[in-house]
Amino acid sequence: DLQLRGEDYSALNSQFPVYYQPIVDLPSGRIAGFEALVRWEHPQRGRVFPGEFIPLAEETGEIIPLGAWVLEEACRQVRQWQQQIPGCEHLTIAINLSGKQFNQLDLLDTIATTLELTQLDPHCVKLEITESVVMDEVEAAIAMLNKMKALNVKLGIDDFGTGYSSLSYLHQFPTDTLKVDRSFVSRMEQGEDKRAIVKTIIDLAHNLNMEVVAEGIETPEELARLRSLACEYGQGYFFAKPLPKHEATALLHSNP
Ligand code: G
Ligand code: G
Ligand code: NA
Ligand code: MN
């Protein structure tokens with residue numbers, strides 16, 4: 001019963017609000033940006049989480065207009081924060097792309113049009129593709145990533161470590177960031193061997209000139225360890241859950 005029309009923005013705004021989870025610069029503790037995470041406020045069922053409806057939207061193709069909506073709404077919002085809140089001039093926004101979006105050449109036009117419309121600096125936009133999507137058809141993925149890179153946006157590999165990355169390909173990806181999957185972060189306190197995995201991923205990323213975002217930071221111990229491993233950015237409930245836009249706005253005002 002997911003029914004969407006790309007042009008129906010007022011319905012999209014109320015039924016598919018975009019939430020924002022802070023991404024923190026670990027050395028300074030300041031908010032560097034947000035990840036956009038869509039929700040579905042279903043008129044009958046109440047709030048539905050994306051883990052449930054994104055796969056459905058992928059199957060039906062609705063992910064194309066829904067994804068375009070999230071991209072536009074999030075870019076517009078971040079541009080507004082940059083302009084209206086002192087110290088937020090360089091705020092970034094990370095946006096998830098599904099496999100179906102990534103495999104459509106139209107995506108390039110959608111990105112270019114959205115950047116033009118919202119006047120957001122492309123360097124402030126980071127598009128996240130999961131490891132399993134880029135590894136599905138590696139050569140085609142590299143070609144697409146290079147076309148996206150030509151639009152001057154930043155690129156990130158999401159959920160790193162959960163798929164089957166061929167290390168021989170990783171250096172060919174024009175990506176700026178690796179996101180360490182939260183399953184690795186949450187296991188760090190279980191022992192030295194678990195910590196070694198996180199350290200290895202971070203060192204690998206740095207050797208490939210990529211920055212690292214650690215997902216799912218929930219405790220001060222995890223935060224301290226990630227700082228000591230020179231991880232650049234962190235995200236997780238320790239800092240904040242995904243927030244509706246007015247709460248994210250309030251947080252930015254109180255966290256200069
Ligand atoms: O917020 P939650 O933990 O339920 O999100 C689950 C997953 O849904 C996330 O890992 C993310 O990959 C996916 N997701 C959230 N928002 C979007 C979106 O706008 N587009 C796509 N393609 N996936 C999203
Ligand atoms: O990588 P992906 O796009 O799937 O990750 C985003 C999802 O992770 C979001 O849906 C968000 O709700 C969830 N998330 C973010 N921080 C934490 C955390 O600290 N703990 C847990 N369990 N989930 C988190
Ligand atoms: Na993500
Ligand atoms: Mn992830």
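Here are a few friendly notes on this predicted model, going from the overall fold to one strand and then to a ligand site.

1. Starting with the whole chain, the secondary structure comes to twelve helices and ten strands. The radius of gyration is 18 Å, close to the 18 Å given by the globule rule for 256 residues, so the chain is as compact as a globular protein of that length. Along the principal axes, the C-alpha atoms fill a box of roughly 50 × 45 × 35 Å.

2. On packing, 39% of the 256 residues count as buried. If you take contacts between residues at least 6 apart in sequence, 65% of them join residues at least 24 apart.

3. Strand β6, residues 125-130, deserves a look in your viewer. Six of its six residues are buried, so to speak of β6 as mostly covered is fair. Val 125, Leu 127 and Ile 129 point one way from the strand, while Lys 126, Glu 128 and Thr 130 point the other way, and all are buried.

4. What does β6 pair with? Strand β5 (residues 92-96) pairs with β6 in the parallel sense over four bridges, and here Ile 93 stands opposite Val 125. Strand β7 (residues 154-160) also pairs with β6 in the parallel sense, over five bridges; in that pairing Ile 129 stands opposite Ile 157.

5. Finally, the ligand 2 site. Ligand 2 is surrounded by 14 residues, and the closest are Asp 158, Gly 216, Glu 218, Gly 236 and Tyr 237. Sorted by class, the shell holds five charged, five polar and four nonpolar residues.

Key: Residues numbered from 1 in each chain as written. Chains lettered and ligands numbered in written order. Predicted model: local features only at pLDDT ≥ 70, side-chain atom pairs only at ≥ 80, totals over all residues. Near = placed C-beta within 6 Å. Nonpolar A, V, L, I, M, F, W, Y, C, P; charged D, E, K, R; others polar. Buried ≥ 20, exposed ≤ 12 C-beta atoms within 10 Å, placed from the backbone. Helix = DSSP H or I, 4+ residues; strand = E, 2+ residues; numbered from the N terminus. Pairing = 2+ DSSP bridges. Rg over C-alpha atoms; globule rule 2.2 N^0.38 Å. Contact = placed C-beta atoms within 7 Å.
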